[in-house]
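Welcome! Below are some exercises on reading a protein structure, each with a worked solution. Take a look at the sequence and the model, then try each task before reading on.

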Amino acid sequence: MIRRLKYHEIDFKKYTECLENSEQRKYSATKDFLDITSGNHWEVLVYNDYEAVMPIPFVKKFGFKLIINPKLCQQLGIFSKEDNVTINDAFLGFFEKKYNIWYYAFNAENKFSKQLNQRQNFLIYPNDYETVRQKYSPKRKRKLRLDEEVLENSEVREVTMAEAFDFISKNTIGAKDEKDKNEFLKTFTDFENAQHLKIVAFFYHGNIINAIAVFSDDKTLALLGTFNDKEHVKLSGSSVIIDHIISQNIQHKIFDFEGSEVPAIEEFFRGFRPELETYSTIFNANKDLLKGFLNFRFYKN
């Protein structure tokens, strides 16, 4: 039996146990991650006594609940000890019947009897660092060989959000407007306060010219953003700092590139020779959502 639980009704101990022992475990479905990215605006579908769970984040527009993955949250979906198509189909049927879905992404392990739209992601799984580095493309290896002058005048180190704030703010790309950018910056700050954020910076002549923001937990490092000074792109600082954080963590943690539909970014990620995975999504365009309003088919709460 599948039942819907509002946020205050969730047994978070059972939810976390199900997630952490699941075949599909994703950092983005953890309570800490969803609380920060959704502002506690999420609920859960539960199969029997937490044998499987499906987190459902939402926003409210015009008094109606719209389901959409929060910013920086790539994959959610169904989590269970073993991925089961029959159970997944039951969740999917309940989900599509009861909710007004704008955009929702399942995880790469979830399989269904019907075909859904697919997106892609890139991962490096835990291994010995030298083995991982040997797989880098020849171009990526060349980018990591800095000339003598750069080596003498540069360093890579972890910094706080306060140290990197102005640089990240100035070099954020992809935000729709100033409000959108500030929301990203607040999310990074909240992650840091929850001890889940690492910011690694490349300094050249004492100034930050590249930085990456990474979500970190016991099992995963997830690339949330890369920030680059355009005047120093040729120095390949982004490659150096990603390689640095991989070298420090890959023996015990997954490195999740978080995918990209932008060809140039995809090419950059592929240079580290990660494994490709695909995951299922549901997307309804604005016109379809409007039709739902007019037909009064929305699940309102």
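**Exercise 1. Which residue in β11 does N210 stand opposite?**

Before we start, a word on the model: it is predicted, so local features need pLDDT of at least 70 and side-chain atom pairs count only at pLDDT 80 or more, while totals for chains, interfaces and linings use all residues. Residues are numbered from 1 along each chain as its sequence is written, and side-chain values use heavy atoms, with hydrogens and water left out.

Step 1. Find the strands. Helices (H or I, at least four residues) and strands (E, at least two) are DSSP runs, numbered from the N terminus. Strand β10 covers residues 207-216, and strand β11 covers residues 220-228.

Step 2. Check the pairing. Two strands pair if DSSP finds at least two bridges between them. β10 and β11 pair in the antiparallel sense over seven bridges, and a hairpin of three residues joins them.

Step 3. Read off the partner: N210 stands opposite N228.

**Exercise 2. Describe what lies on the other side of β11 in the chain, and how covered the strand is.**

Step 1. Look for a parallel partner. Strand β12 (residues 254-256) runs parallel to β11, with three bridges joining them. One of the partnerships is A222 with D256 in β12.

Step 2. Follow the chain between these strands. Together with helix α9 (residues 237-249), β11 and β12 make a right-handed β-α-β unit. Right-handed has a precise meaning here: with the strands pointing away from the viewer, the path from the first strand over the helix to the second runs clockwise.

Step 3. Judge the cover. Buried means under 20% relative accessible area, exposed over 50%, and partly exposed in between (1.4 Å probe, protein chains only). Seven of the nine residues of β11 are buried.

**Exercise 3. How are the planes of F188 and F227 arranged, and what does this pair tie together?**

Step 1. Recall how such pairs are described: by the distance of the centres and the angle of the planes. Rings of Phe, Tyr and Trp (its six-membered ring) pair if their centres lie within 6.5 Å; planes under 30 degrees apart count as stacked, over 60 as edge-to-face and the rest as tilted.

Step 2. Count the pairs. By this rule the model has 22 aromatic pairs.

Step 3. Apply the rule to our two rings. F188 and F227 are 6.1 Å apart centre to centre with 85° between the planes, an edge-to-face pair. F188 lies in helix α8 and F227 in strand β11, so the pair ties together parts that are 39 residues apart in sequence.

Step 4. Check the surroundings. F188 is buried, with a relative accessible area of 3%, and F227 is buried too, at 5%.

**Exercise 4. Which residues touch the most other members of the largest nonpolar core?**

Step 1. Define the core: a set of buried Ala, Val, Leu, Ile, Met, Phe, Trp, Tyr and Cys residues joined through side-chain atoms within 4.5 Å.

Step 2. Find the best-connected members. Of the 59 residues in the largest core, these are Y15, M54, F95, Y104, F106 and F188. Strand β3 (residues 52-61) gives the most to this core, with five residues.

Step 3. Note that a separate core exists as well, of 27 residues, including V200, I209, I250 and F255.

**Exercise 5. Place I67 in the fold and list what it touches.**

Step 1. Locate I67: it lies in strand β4 (residues 64-68). At 0% relative accessibility, I67 counts as buried.

Step 2. List its contacts (heavy atoms within 4.5 Å). Leaving out residues up to four places away in sequence, I67 touches I56, P57, F58, F95, Y99, N100, I101, W102, Y103 and Y104.

Step 3. Look at the partners of β4. β3 and β4 pair in the antiparallel sense over four bridges, with K60 and K65 as bridge partners. Two residues separate these strands in a hairpin, where F62 in the turn has a positive phi of about 55°. On strand β6 (residues 101-105), the pairing with β4 is parallel, over two bridges, and I68 stands opposite Y103.
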